[in-house]
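Colleague: I should like to learn how to read the features of a structural model in an orderly way. Could we take them up in turn?

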Amino acid sequence: MSPSPPTETDGERLGDRSLAGVPIELYPIALLAAALRLFRLESESYWVDEVVSVTIVTSNTPSELLISVPGNDPHPPFYYLLLSGWSALFGTSELATRLLSALVGIATVVVLYGVGRRLFDREVGAIAAVLVAVSPFHVWYSQEVRMYNLLALLTALSLYWFVRIQAERSTDESGVRDDIGYVVSTILLGYTHVFGLFAILAQNAYVFSRPLVRTVPRSRLTLRRWIALEGITALLLLPWLVRLLRRTVAAGGGDAGNVSWIPLPTAETVRETFAAYLGGHLFGESYPLFVSLVVAGCLVLALSSARDAVTAIGRGATTEADRGVTETDRENPSINAVYVVLLWFVVPVLVPIALSHVVTPIFVDRYSIGASLAFFLLIAVGVRTLSRPSLRYVVVGVLLVGLVAPLPTYYQDDQKEQWRAAAADVESNVDGDDVVLVSRPFTERTFGYYFDAADVPTVRIPPDASADEIRSSVDGRDDVWIVLSYTDSSTNQRIVDAVASRDDYRGPVEVNRYNGIAVVQLERTSNGG
């Protein structure tokens, strides 16, 4: 089914209504996105990765963030530089730092509306924007002090300018502005996350495959101009690309570095990624089958609309009605819109999965957050193909209910490890003669971020530490506090048993559990002197 051309009713419904130059439908969508992203923003403590972000920007100068940190951290420096400036102004509390991510998440919704409107029409833009506004996946990363929502925003911005530079140039001035907008947003995208490079790859796949597919040929973007723009972009990204190449070569030689924790992706990984986009990680195994079927149907309709439009062109169809031309097809006749969005969706998922099997595993669902925007845009296109407006409302309603359903669970239950509460528990009971054992070296930094008892030593216990090493770490100490996290139950038991096996300790006398953390207390007996 091809997308039906906008009818008079559609035009009356959406029309050109705006307030202060902003489309009227964008206001409630943006307000909804803001409400969901700002609600309970500071309620949970930082988890491990968030503490990494905060400590990196507070322990390094801007020049070190730009030059030194990328050599040790797997991510490019732009987000850390942005967070550093933001923290200097507003502080490093959970509310302050997460507010940056929330604002970026709201902006992502607005920009996606612009991309959908420019590629298709206002209705597609509005549907895609409202789906992302309530998406638990996007709400989650809008409340986390990491770079993933910035990756989504800059992916959308880069695609927005990419679409603009394809259109007919109205004036030389606007053409230069579009070129600059594209280059700047794309460079920042490349310096935000390595998966930003796959979004750039998707754009190149579209440009260089244009001669091989049946698209409307007229475009102001010549191949020479595109190569020039990409050359400038690549030149300015070169310092990071060189570091990335060195790391890739090292990974190919067996040194996986900071990505060694990523598992090899499988077909199940792909399914779980798409489910995560819809909030499946909160539903668990009980994700509504009906909603999944509606989403699959919308995706099929979107792909069918592109196939039918291309087939109509191949048969020599010349009228807009025959070709299923939308409002924006008339503005951007050089764009095969669904093909652009399909590449935007597929390339950042399938290419890194393929590289994971060739070089080293690199695919994680949150890294593909930019591709998730195209996923929701394709769903919106599928909805738009339905000829009856009442049916579109029903489908959108089903999708919204399916996306909103896990949000109460998200807000009511702890989603992150509660390091603030665990540290407060220990801190309120220890004295200078006690010792704290932390079960993983990388969690010591997270526990220490909230633990203010400077006179109490904190000892890192590697998971493979021997019983003698564990016992010797508590020599001469009174009570022992063991903070267990990111280790399996057998390792946890082995650490506790190693301390309890000493004659001068008894316990556990108390075990307090938090989300993802257990705090175990063992007391020193009188036999210990």
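Modeller: The following dialogue treats a helix, aromatic pairs, a sheet and one threonine in this predicted model.

Colleague: Let us begin with a helix. What span should the 26 residues of helix H6 have, and how far apart are its end C-alpha atoms?

Modeller: The idea is to compare the expected span with the distance between the two ends. At 1.5 Å a residue, H6 (residues 94-119) should span 38 Å, and its end C-alpha atoms lie 37 Å apart, which agrees.

Colleague: How many of the residues of H6 are buried?

Modeller: Burial is judged by relative accessible area, with buried meaning under 20%. In H6, 19 of the 26 residues are buried, so the helix is largely enclosed by the rest of the structure.

Colleague: I turn to aromatic side chains. How many aromatic pairs does a search of the whole structure find?

Modeller: The search finds 30 aromatic pairs. One of them joins Trp-140 and Tyr-141, with 6.4 Å from centre to centre and 45 degrees between the planes, a tilted arrangement. Trp-140, at 14% relative accessibility, counts as buried, and Tyr-141 counts as buried at 9%.

Colleague: Why is the pair of Tyr-182 and Trp-226 called tilted?

Modeller: A pair is tilted when its planes are neither under 30 degrees apart nor over 60. The planes of Tyr-182 and Trp-226 stand at 45 degrees, with ring centres 5.5 Å apart, so this pair is tilted. The pair links distant parts of the chain, as Tyr-182 belongs to helix H10 (residues 172-190) and Trp-226 to helix H12 (residues 223-252), 44 residues apart. Both residues are buried.

Colleague: How should one read the side chains of a strand?

Modeller: In a regular strand, side chains alternate between the two faces of the sheet. In strand S3 (residues 435-438), Val-435 and Leu-437 point one way, Val-436 and Val-438 point the other way, and all are buried.

Colleague: Which strands are joined to S3 by bridges?

Modeller: S3 runs parallel to strand S5 (residues 480-484), with 4 bridges between them; Val-438 has Val-483 as its bridge partner in S5. S3 also runs parallel to strand S4 (residues 458-460), here over 3 bridges, and Leu-437 stands opposite Val-459 in S4. Together with helix H23 (residues 441-450), S3 and S4 make a right-handed β-α-β unit.

Colleague: In what order do the strands of the sheet lie?

Modeller: The order is S4-S3-S5-S7-S6, an open sheet of 5 strands with mixed pairing. S4 and strand S6 (505-514) stand at the edges with a single partner strand each, so one side of each has no neighbour in the sheet. On average, neighbouring strands are turned by 20 degrees against each other, direction ignored. The antiparallel sense appears between S5 and strand S7 (residues 517-524), which pair over 5 bridges; there, Val-483 stands opposite Val-519.

Colleague: Which strands does helix H22 lie across?

Modeller: H22 (residues 419-427) lies across S3, S5, S6 and S7, and runs at about 10 degrees to S7.

Colleague: Finally, is Thr-446 buried or exposed, and which residues does it touch?

Modeller: One consults the accessible area and then the contacts. Thr-446 is found in helix H23 and has a relative accessible area of 1%, so it is buried. Leaving aside residues up to four places away in sequence, Thr-446 touches Tyr-46, Trp-47, Val-48, Val-51 and Trp-419.

How values were computed: Residues are numbered from 1 along each chain as its sequence is written. This is a predicted model: local features need pLDDT of at least 70, side-chain atom pairs count only at pLDDT 80 or more; totals for chains, interfaces and linings use all residues. Side-chain values use heavy atoms; hydrogens and water are left out. The expected span of a helix is 1.5 Å times one less than its number of residues. Buried means under 20% relative accessible area, exposed over 50%, partly exposed in between (1.4 Å probe, protein chains only). Rings of Phe, Tyr and Trp (its six-membered ring) pair if their centres lie within 6.5 Å; planes under 30 degrees apart count as stacked, over 60 as edge-to-face and the rest as tilted. Two strands pair if DSSP finds at least two bridges between them. A crossover is right-handed if, with the strands pointing away from the viewer, the path from the first strand over the helix to the second runs clockwise. Axes are lines fitted to C-alpha atoms, for helices over the stretch in contact, and angles run from 0 to 180 degrees between N-to-C directions. Contact means heavy atoms within 4.5 Å.
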